[in-house]
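Me: I am new to this structure and would like a close look at a single part of it. Please take one helix and its surroundings, and then go on to one charged residue.

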Amino acid sequence: MLTLIPGETRLETLEAIWRTGAPARLDRKCQEAIEKSAQIVAQAARGEAAVYGVNTGFGKLASVKIAPGDTATLQRNLVLSHCCGVGEALDEATTRLMMSLKLLSLGRGASGVRWEVIALIETMLERGVTPVIPVQGSVGASGDLAPLAHMSAVLIGEGEALFEGKKLQGKEALAAAGLEPVVLGPKEGLGLINGTQFSTALALAGLFDAWRNAQNCLVTSALSTDAIMGSTAPLQGEIHTLRGHRGQIEVAAAMRALMAGSVIRESHREDDARVQDPYCIRCQPQVAGAAVDMLRFAASTLEIEANAVTDNPLVIQAGIVSGGNFHAEPVAFAADTIALAIAEIGAIAQRRVALMVDPTLSHDLPPFLTPEPGLNSGFMIAEVTTAALMSENKHLANPCSTDSTPTSANQEDHVSMAAHGARRLKAMNANLSVILAVEAMCAAQGIAFRAPLVTSTSLQSALKTLEKAAARLEGDRYLAPDIEAAAALVRSGALVEAAGLEFGL
């Protein structure tokens with residue numbers, strides 16, 4: 001059981017929730033503030049003054065006053081009316097992360113939601129009740145309304161949820177786990193469905209996988225450099241210190257460490273007729289380093305957002321006040337930043353694949369890295385696949401944050417599209433993992449052709465791990481399963497671990 005400290009929870013904890021499925025609960029120190037804000041909301045609901053979302057309608061209907069006896073119905077109707085999501089269901093791991101983020105937000109004690117509701121979310125996480133949440137329907141403005149409504153519907157016994165591998169009606173899923181639905185009090189429906197937790201969970205998942213891909217690219221790029229007998233002179237530390245970017249400096253240092261002791265490198269340090277390598281080899285620290293810096297920027301933004309209160313109105317010292325924390329512009333920018341980094345890591349990796357299969361550029365490697373070119377096509381079409389995926393990622397990397405459209409009768413007249421921006425990251429990371437897998441396979445083939453010369457000890461260890469998933473190509477064979485197995489290796493982090501690379505976010 002992981003403990004969530006509102007305002008202080010770090011990315012490591014959130015990644016553990018996402019990757020391991022570990023249940024999470026709030027630090028009990030926050031309970032007093034939560035119950036105090038709930039009491040303030042309950043008092044406002046009994047009063048005569050109009051308080052948005054407590055005793056009024058929502059959005060354009062905020063001027064409609066609701067009688068005290070109808071507040072429970074108001075909140076239930078709100079949740080049900082907003083369950084308008086469509087499309088495939090969000091994966092369970094990201095759904096559980098989203099629920100954990102909602103706990104963090106409510107745990108700040110500014111939402112007016114009772115502890116009883118929070119405790120139900122915690123117990124659902126502990127017992128494995130996972131709401132079924134369609135991924136389409138949010139524009140990331142008044143929060144992720146539709147996705148969060150589908151999550152909240154299960155709390156009141158509606159909607160659908162997964163429990164022990166079965167999809168059940170919300171009430172049935174709760175009952176199967178020994179739980180009862182809650183009856184929502186004043187503002188609680190609004191507190192649950194307002195917020196950026198859907199977009200933020202997706203963006204975090206995209207960040208975690210993007211960072212793993214970035215780590216892998218350091219290993220594959222070092223392998224490619226030895227495969228084409230490239231120079232390590234551009235990795236010298238002083239070059240990168242003179243520019244000053246942290247990511248660039250650290251990437252160069254990591255690549256130097258990975259390639260240290262390579263016999264292949266030492267064999268052509270002198271009397272090499274080539275003066276300079278192509279940019280995809282020579283500028284790896286500049287490109288991958290810039291991507292690393294962008295991912296770190298996104299990570300900082302998303303860690304703040306994960307701990308933020310993003311519903312509306314908020315219970316603050318001045319009273320119950322309407323604001324706009326639900327607008328997901330920071331998440332949208334972070335998601336766009338991650339997408340750019342993913343696309344560029346893939347773009348330069350694909351050029352290294354193209355370099356290795358081209359005999360005019362690969363420094364005497366056979367065409368398409370096959371022992372019998374002509375009879376065999378080798379990695380010819382594997383390279384084409386990487387080009388297709390690189391191109392797809394370039395299209396997907398177009399910014400989402402610049403696309404706004406008015407909704408809700410022009411009340412919500414500027415939106416972030418954060419959900420769109422974050423949702424595409426899963427596909428982009430999957431594409432990138434394949435590009436890097438093919439690069440690793442091509443590099444392994446190229447290094448094998450350099451025998452009896454060998455690469456560094458670190459990279460040899462990575463190659464041994466790779467060969468367990470995808471053996472070297474002696475002749476043409478049905479290659480798709482090998483590519484998928486190598487891509488799974490990239491996604492698991494096993495290649496990075498085998499190389500002994502330590503490169504933290």
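Reply: In this predicted model, the residues of helix α11 that are buried are G247, Q248, V251, A252, A254, M255, L258 and M259. Around the helix axis these residues cover an arc of only 165°, and therefore they lie on the same side of α11. The elements that cover them include α9 (197-227), α10 (237-243), α14 (284-306), α18 (457-469) and α20 (494-499). As for the length of the helix, α11 runs over residues 246-259, and because each residue should add 1.5 Å, its 14 residues should span 20 Å, which agrees with the 20 Å between its end C-alpha atoms. Just after α11 comes G261, whose phi is positive, at about 90°.

The charged residue to consider is R450, which is found in the loop that lies between α17 (418-449) and α18, and α18 is also one of the elements that cover the buried residues of α11. Although R450 is buried, it has no salt bridge, and the nearest side chain of opposite charge, that of D364, is 5.4 Å away; a salt bridge would need the charged atoms to be within 4 Å. The side chain of R450 does, however, have backbone oxygens as partners: a polar atom of this side chain lies 2.8 Å from the backbone oxygen of A227, and the side chain also reaches the backbone oxygen of S362 at 3.0 Å. Leaving aside residues up to four places away in sequence, R450 touches D226, A227, I228, M229, I264, S362, H363, D364 and L365.

Definitions and conventions. Residues numbered from 1 in each chain as written. Predicted model: local features only at pLDDT ≥ 70, side-chain atom pairs only at ≥ 80, totals over all residues. Heavy atoms only, no water. Helix = DSSP H or I, 4+ residues; strand = E, 2+ residues; numbered from the N terminus. Expected span 1.5 Å × (residues − 1). Buried < 20%, exposed > 50% of the residue type's maximum accessible area, 1.4 Å probe, protein only. Arc of directions from axis to C-beta. Contact = heavy atoms within 4.5 Å. Lys, Arg positive; Asp, Glu negative; His and termini not counted. Polar contact = N/O pair within 3.5 Å; in protein donor to acceptor, adjacent residues only side chain to side chain.
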